[in-house]
Amino acid sequence: MKVDFSRLKPWFKQRWEPENRPWTLTWTHLFAWCLCWLDWTAWHRFPEFLIWLVFTGAAAPLWYWYRRAFSDGSIIRKRVYYSGCILPVWCWCTFTCYAMGWMALSVFFARAGLVISFFTGLLWVVWYVEKESIAIQYARLAEAKNKKSSLAKDAPLEYAGPLGSMGGPFAHFKFAERLWHPCDLNAWYYGEGRQKLHQSLGTVFSYTALFCFLVMLLTSLAGCSEIYEMPAGGGERKQVQQVVKVQKVIKKKFVINPLSAVLFNPPPIDEIKLQLLEITKHAYAVGYGQGEGAGFAGGTNRGKVRFIRLEYNGGDWDQDFGKGADLNLLIEYGIRTGHKVASKTESRKTSDLKNFPKRKSPPMVYITGQKNISMSKKDQKILRDYLLEKHGMIFADNGGSGRWHGQFFNMMRTVLPNVQPIKVPLDHPVHRVPYPIPFLPYVAPHGGKDAWGWVVDGRLAVYYHPGDIGDAWSDGHAGIKTEYWELCFQLGVNVIFYAHAEYNKWLDAVKQDED
């Protein structure tokens, strides 16, 4: 089917006439603004600079309509202009703070803008209802004088008077049928007395319900999508080095002439002392790629390393969850690497992993327990897509039974049926960077004494620890020796760093393929 675009030329030409050009440009920018808003809240496809540029570009049409509103001299036009400025200014402030990583300020602007929008809209609705209500009452009086047929025949006309009209209509009428117009004080659902009060309450409640519905509708567009962003920065994938620092301590020496007549008792002459201080420090920034500070080149200023635990049916997925093992490891990771971390740990259902878009998914999720694992075929597919398509990684920890060992291995046979598990050697990067692990630490060997892995395209997609490493992260460290729980923390840091570094490496490869 051939489309004749020549018919559209006159329409476009008319839209570009001088008198129509401002409207055309305004509507075009509004369309682009809506696309950028949807991408920011739901799609996550456009670069942030483009979104910021479109949001900032709203200043041009706002300036034009500002001049138009004030040149006309109409108070209503000015108020409409001020009200129209709320949405673009609100979004610009919120997005700018969000892009810069000022999350607290971004949340403040988001909430403040929502409150201001609510009351601004309420004022406009109340003004319109009041204006229409008065117009209807004046029209009703004129209708009564002209004996219109919409009123009941031979019905007496009773004026309410100044005091009576404060809470109801100017006059009382009898109608042949019910009235439904919400701006009409004679509507049947307002009753016989205090119609004005009932109309005001109905207006406020109706507007509030509609506003809440629109907010939920718009937030639902973003509610089906969630993003994970790594902290911005850079660094190297190297081991933490043991650095021996030599410090010279030189004390004063007194040189005395032995033939001098001055009596002086010299102190003992001390030789130069050497202090050997063995300290552990980073001779480099822990991270991946080029960037300022420790972090990841594919991260953002607002990004943080998060610890997400996977929920599942049939077992105790929440073992030591919350302010215990997970949070302790997350805090230790931030201290040892210098990366920004979240203030609390999180949990997600397997079905929630599909809400994360590609390139904005968690590099790692943690799963543990000691009972059964029940997962539907749908969840198995979601987990498979997370590992293969979104380049995620599973950090599994046997929380205390040989049964969970078998349950997890059976689950992986269905999630990755074409991948066979292998023992992860101690010279693997996950055991060497940033901390060298001399042996696999564990609390109790519930699933053996070896770590297992599922490798996809040369990358460790699943890391299984057999010995309840999570207990070593808890406050009491399960009563094991300091050497062992320190190694458990180091291993946890290694796994988190490995997952994020591999994820950043994949992001770089995808960008190169697109270029």
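This short presentation describes the predicted model of a protein, from its overall make-up to selected residues.

Good morning, colleagues. Please keep in mind throughout that the structure before you is a predicted model.

I begin with the protein as a whole. The secondary structure consists of 13 helices and 11 strands. Of its 515 residues, 40% count as buried. The accessible surface amounts to about 30,100 Å², and 61% of that surface belongs to carbon and sulfur atoms. As for contacts with a sequence separation of 6 or more, 74% are made by residues 24 or more positions apart.

I turn next to the surface. Which residues form a nonpolar patch there? They are Leu210, Phe213, Leu214, Met216 and Leu217, with about 510 Å² of accessible area together. Phe213 lies in helix H8, residues 195–223. With a relative accessible area of 47%, Phe213 is partly exposed, since it falls between the limits of 20% for buried and 50% for exposed.

My next topic is the salt bridges. How many does the model contain? The count comes to 17. I shall take three pairs and then a network.

The first pair on my list is Lys238 and Glu236, whose side chains meet with a nitrogen-to-oxygen distance of 2.8 Å. Both partners are partly exposed: Lys238 has a relative accessible area of 41%, and Glu236 stands at 34%.

Arg237 also takes part in a salt bridge, in this case with Glu502, and the closest N and O atoms of that pair are 3.3 Å apart. This pair links distant parts of the chain, with the two positions 265 residues apart. Arg237 sits in the loop between H8 and strand E3, residues 241–249, whereas Glu502 belongs to helix H13. Is Glu502 buried or exposed? At 13% relative accessibility, Glu502 counts as buried, because buried means under 20%. Its partner Arg237, with a relative accessible area of 28%, is partly exposed.

The third pair is Asp385 with Lys381, which meet in a salt bridge at 3.0 Å, N to O. These two residues are four positions apart in helix H10, residues 377–388, and are therefore separated by about one helical turn. Asp385 is partly exposed at 28%, and Lys381 is partly exposed at 46%.

Finally on this topic, Glu48, Glu229, Arg302 and Lys360 are linked in a network of salt bridges.

Let us move to the interior. Rolling a probe the size of a water molecule over the atoms shows where empty space is left. In this model, the count is two cavities of 30 Å³ or more. The largest cavity has a volume of about 40 Å³. Which residues line the largest cavity? The lining consists of Arg309, Gln319, Asp320, Tyr366, Thr368, Asp397, Gly399, Asp468, Gly470 and Asp471. The elements giving two or more residues to this lining are strand E7, residues 365–369, and H12.

I should also like to show you Ser83, which is found in helix H5, residues 75–100. Setting aside residues up to four places away in sequence, Ser83 touches Thr120 and Trp124. Ser83 and Thr120 are 37 residues apart in sequence, yet their C-alpha atoms are 7.0 Å apart in space. At 22% relative accessibility, Ser83 counts as partly exposed.

I close with the backbone, where three places deserve a look. Where is there a cis peptide bond? One joins Val433 and Pro434, with omega at about -5°. Pro434 lies in the loop between strand E9, residues 422–423, and strand E10, residues 452–456.

The other two places concern positive phi values in residues other than glycine. Asp457 has a phi near 55°, and its place is in the loop between E10 and strand E11, residues 459–465. At 80% relative accessibility, Asp457 counts as exposed, because exposed means over 50%. Ala478 has a positive phi of about 60°. Ala478 is located in the loop between helix H12, residues 469–473, and helix H13, residues 482–514. With 42% relative accessibility, Ala478 counts as partly exposed.

Thank you for your attention.

Conventions
Residues are numbered from 1 along each chain as its sequence is written. This is a predicted model: local features need pLDDT of at least 70, side-chain atom pairs count only at pLDDT 80 or more; totals for chains, interfaces and linings use all residues. Side-chain values use heavy atoms; hydrogens and water are left out. Buried means under 20% relative accessible area, exposed over 50%, partly exposed in between (1.4 Å probe, protein chains only). Contact means heavy atoms within 4.5 Å. Accessible areas come from the Shrake-Rupley method with a 1.4 Å probe; for residues, only the protein chains shown count as cover. Patches are made of residues with over 30% relative accessible area and no salt bridge: like charges are joined within 9 Å, nonpolar side chains (Val, Leu, Ile, Met, Phe, Trp, Tyr) within 5 Å. A salt bridge is a side-chain nitrogen of Lys or Arg within 4 Å of a carboxyl oxygen of Asp or Glu. On a 1 Å grid over the protein atoms alone, a cavity is a set of points where a 1.4 Å probe fits but cannot get out, and a pocket is an open set with protein on both sides within 12 Å along at least five of seven lines; lining residues have an atom within 4 Å of a point. Grid points are joined across faces, edges and corners, and a volume is the space filled by probe spheres set on the points.
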